[in-house]
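Student: Could you go through this structure with me, one topic at a time? I would like to begin with how its parts meet.

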Amino acid sequence: MEEFTLSEKLILYLDGELPQEQELELFTRLASSADLRAEMREGLAIRAAIGGDIDAFTPSAAQTSAVFSGLGFTPPYQQTPSQKTSSRYMWLPLLWLLGGLCVGGGLAFWFTQNLLNQEFADEKRELNKTIAQLQSEKNRQKPAVMSSMAIEPSESAITEKPLVKTVIVYRDRFIAPANQNPDTAISAKTDDINTQSQSAENISTAHNQQVYNSKDDMMITSRNLPSSVHNNQPMISMSLFPKFWTQIRGIGTVSQYPNISANSAITGLSNVNVALGYSFNPNLAAGIEIGREPFMLKYSGTVNGRTVRYEQQSSMLLGGLIVQARTNPIESFMDIQPVGTLFLGGSEIGMMGRVSSGIYYPLSANVSFYGGLEYSLMNFTYQSNSFTTQKVGFTYGLHITF
Amino acid sequence: MKRIYSDMSDDELFGLMGQDSHKAEGCFAELYARHSPRVNAYCKRIMGDRMAAQDAFQETFTKFFKSASQERNMTNTPAFLLRIARNVCLNMKRGEKKTVEIEDFHLPSESPAYEKSELLKLIMSALELVPFDYREAFVLREYDGLSYQEIAEVTETTMATVKIRIFRAKDKLRQILAPYLHDLNKV
């Protein structure tokens with residue numbers, strides 16, 4: 001039988017290799033020897049420190065990528081932390097996505113139903129009132145009104161009207177022509193206003209085209225128009241403003257943890273988002289966004305009692321609510337429109353938020369190019385511990401109104 | 001009912017990896033997920049040098065995958081993997097140049113992204129002062145969690161030798177770390 005010193009027996013005991021019949025003797029000596037107890041504490045401290053050596057237990061994403069690529073395999077980046085935890089709980093992460101979509105969709109619906117109606121309720125009432133006044137005035141004054149029906153009057157035809165101020169109606173906005181004083185009286189016609197409230201087609205739908213109200217048989221002054229006109233607000237937005245829009249965009253990610261070999265696995269539809277939104281006015285919009293994009297994940301967990309840190313680049317589904325604020329187009333700079341967007345929602349593995357800012361560059365009346373920068377932050381859980389990941393990147397896509 | 005890889009044992013996965021080329025990738029990914037941490041720990045703490053450890057790690061898994069088509073029976077996958085890693089590391093150590101390259105002055109031996117406790121840093125430094133055989137036994141026990149019997153199999157030696165090596169490694173570490181451990185006991 002092998003003979004060991006007390007220190008060696010202690011090592012054997014801590015390693016689970018001491019025969020049971022020798023344990024009692026060790027325990028007795030431990031109870032009486034302070035030095036032996038100190039030795040045990042030291043041994044346990046060393047073991048605990050090694051258990052926390054997560055660097056040693058963590059193959060980096062680059063190492064994993066090198067191993068798999070070397071064998072002609074795709075690196076296993078598609079796994080998410082929750083999927084690693086247990087296949088039985090694979091459905092759980094999807095709840096984040098569905099929850100994000102439901103909350104986003106619900107909020108968007110609520111905005112559409114409530115906020116929008118409230119915002120324009122006063123203007124609608126005022127406009128209806130004005131229309132009613134104009135109609136009654138028209139009926140009273142009809143015999144005295146000239147009955148010019150020219151479709152496109154010349155410049156001189158307009159200037160003949162002493163109170164005329166030509167109104168230029170741009171799609172998405174409402175401004176006065178550059179060569180006229182905005183404080184002068186505004187000319188609009190009863191029929192126009194009626195039509196405005198009914199159909200966008202009969203006002204101005206074209207970019208940068210003046211609207212001449214020549215076929216109308218009556219003039220009104222700015223006093224008759226809703227306050228929105230005085231304030232240069234988009235009176236026509238109620239009927240003309242393109243309310244619904246969709247945006248398709250890709251993301252060029254500059255990850256917080258740059259790793260070229262890991263990023264190379266993320267391609268194609270793994271990095272695309274689609275948004276569907278509703279514009280309340282030219283400056284505010286909201287909607288939902290769904291997509292799939294990668295995040296660099298670094299997190300630690302316990303495997304067989306040891307702390308292990310994982311690194312992976314996973315592409316995951318996400319969805320949520322977006323709120324978008326835009327300025328008016330900058331006419332002096334190619335009509336670009338600065339825009340800021342806030343995204344709140346969830347991905348397959350946790351809650352996430354994003355802020356982005358960029359520009360819309362109009363390609364046609366309904367289509368704009370979108371480009372900008374974004375910062376995303378996502379929180380996720382692995383083995384009941386919370387982790388965050390973040391990334392910055394540039395984003396680009398198309399914005400289509402309809 | 002279709003079984004998923006995570007429900008299979010190491011031996012089943014290893015067998016399937018060698019037999020079915022369509023399932024080889026999935027089996028390999030699962031085995032990699034299970035055992036890469038301990039192989040990585042072994043390579044890092046035995047080789048010391050980060051780049052050499054990464055090369056050893058990659059070569060170990062490449063050899064492991066290729067061996068699946070040759071090996072018939074597998075009873076202890078972790079031990080088998082560590083045996084491969086050991087051979088790879090020993091070969092690399094034998095061919096190691098005894099010169100210090102310029103990059104070594106600039107590259108930290110460990111990733112700075114991880115924060116380590118003071119004791120852990122001391123252990124890692126102390127380990128490099130421990131003779132290779134002792135260090136290997138210590139790493140296989142403390143990092144890879146192998147039993148003495150498994151360590152004997154991996155290192156192709158006897159249980160008695162393993163015990164001696166572990167005792168000496170721990171004794172050596174305690175000597176080096178004595179000032180720090182003394183303070184630890186006071187606390």
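Tutor: Please keep in mind that this is a predicted model. Chain A and chain B bury about 4000 Å² between them, and 60% of that area is on carbon and sulfur atoms.

Student: Why give an area at all?

Tutor: The size of an interface is often given as the accessible area lost when the parts come together.

Student: OK, and how many residues of chain A and chain B are in contact?

Tutor: On one side there are 39 residues of chain A, and they are in contact with 49 residues of chain B.

Student: How many salt bridges are there across the interface of chain A and chain B?

Tutor: The rule finds seven salt bridges across that interface. One to look up in the structure joins the side chains of B:Lys44 and A:Asp55, with 3.2 Å from N to O.

Student: Which helices could I look at across the two chains, and at what angle do they cross?

Tutor: Take helix α3 of chain A, residues 34-51, and helix α6 of chain B, residues 118-127, whose axes come within 9 Å and cross at roughly 95°. Because of that angle, α3(A) is roughly perpendicular to α6(B).

Student: Which residues meet there?

Tutor: From α3(A) come A:Ala45, A:Ile46, A:Ala49 and A:Ile50, and they meet B:Leu119, B:Leu120 and B:Ile123 of α6(B). Sorted by class, this contact has seven nonpolar residues, no polar ones and no charged ones.

Student: Now inside chain B, how do α2 and α4 pack?

Tutor: Helix α2 of chain B, residues 21-47, packs with α4(B) at an angle of about 35°, and their axes are 10 Å apart. The crossing of these two helices, α2(B) and α4(B), is right-handed.

Student: And what sort of residues make the contact of α2(B) with α4(B)?

Tutor: By class there are twelve nonpolar, two polar and three charged residues in the contact of α2(B) with α4(B).

Student: Does α4(B) have another partner I should look at, and if there is one, where do I find α4 and α7 of chain B?

Tutor: Helix α4 of chain B covers residues 77-94 and helix α7 of chain B covers residues 132-142; their axes come within 13 Å and cross at roughly 150°. That angle makes α4(B) roughly antiparallel to α7(B), and the crossing, in which α4(B) passes α7(B), is right-handed.

Student: Which side chains should I click on for α4(B) and α7(B)?

Tutor: In α4(B) you can pick B:Leu82, B:Arg86, B:Leu90 and B:Lys93, which meet B:Phe132, B:Arg135, B:Glu136 and B:Leu140 in α7(B). By class, the contact of α4(B) with α7(B) has four nonpolar residues, no polar ones and four charged ones.

Student: Back to salt bridges: how many are there over all chains?

Tutor: By the rule used here, the count over all chains comes to 21 salt bridges. Among them is the one in which the side chains of B:Arg34 and B:Asp10 meet, at 2.7 Å from N to O. B:Arg34 lies in helix α2 of chain B and B:Asp10 in helix α1 of that chain, residues 10-19, so the pair ties together parts that are 24 residues apart in sequence.

Student: Last topic, backbone angles: what is the phi of A:Met334, and where does A:Met334 lie?

Tutor: A:Met334 has a positive phi of about 60°, although it is not a glycine, and A:Met334 lies in the loop between β7 (306-326) and β8 (337-347) of chain A.

Student: What about B:Glu156?

Tutor: B:Glu156 is not a glycine either, yet its phi is positive, at about 55°. You will find B:Glu156 in the loop between α8 (148-155) and α9 (159-186) of chain B.

Conventions:
Residues are numbered from 1 along each chain as its sequence is written. Chains are lettered from A and ligands numbered from 1 in the order in which they are written. This is a predicted model: local features need pLDDT of at least 70, side-chain atom pairs count only at pLDDT 80 or more; totals for chains, interfaces and linings use all residues. Side-chain values use heavy atoms; hydrogens and water are left out. Axes are lines fitted to C-alpha atoms, for helices over the stretch in contact, and angles run from 0 to 180 degrees between N-to-C directions. Helices (H or I, at least four residues) and strands (E, at least two) are DSSP runs, numbered from the N terminus. Angles under 35 degrees count as roughly parallel, over 145 as roughly antiparallel, 65 to 115 as roughly perpendicular and the rest as oblique. A crossing is left-handed if the near helix is turned anticlockwise from the far one by less than a right angle, and right-handed if clockwise. Contact means heavy atoms within 4.5 Å. Ala, Val, Leu, Ile, Met, Phe, Trp, Tyr, Cys and Pro count as nonpolar, Asp, Glu, Lys and Arg as charged, and the others, Gly among them, as polar. Buried area is the accessible area (1.4 Å probe) that two parts lose on being put together, summed over both. A salt bridge is a side-chain nitrogen of Lys or Arg within 4 Å of a carboxyl oxygen of Asp or Glu.
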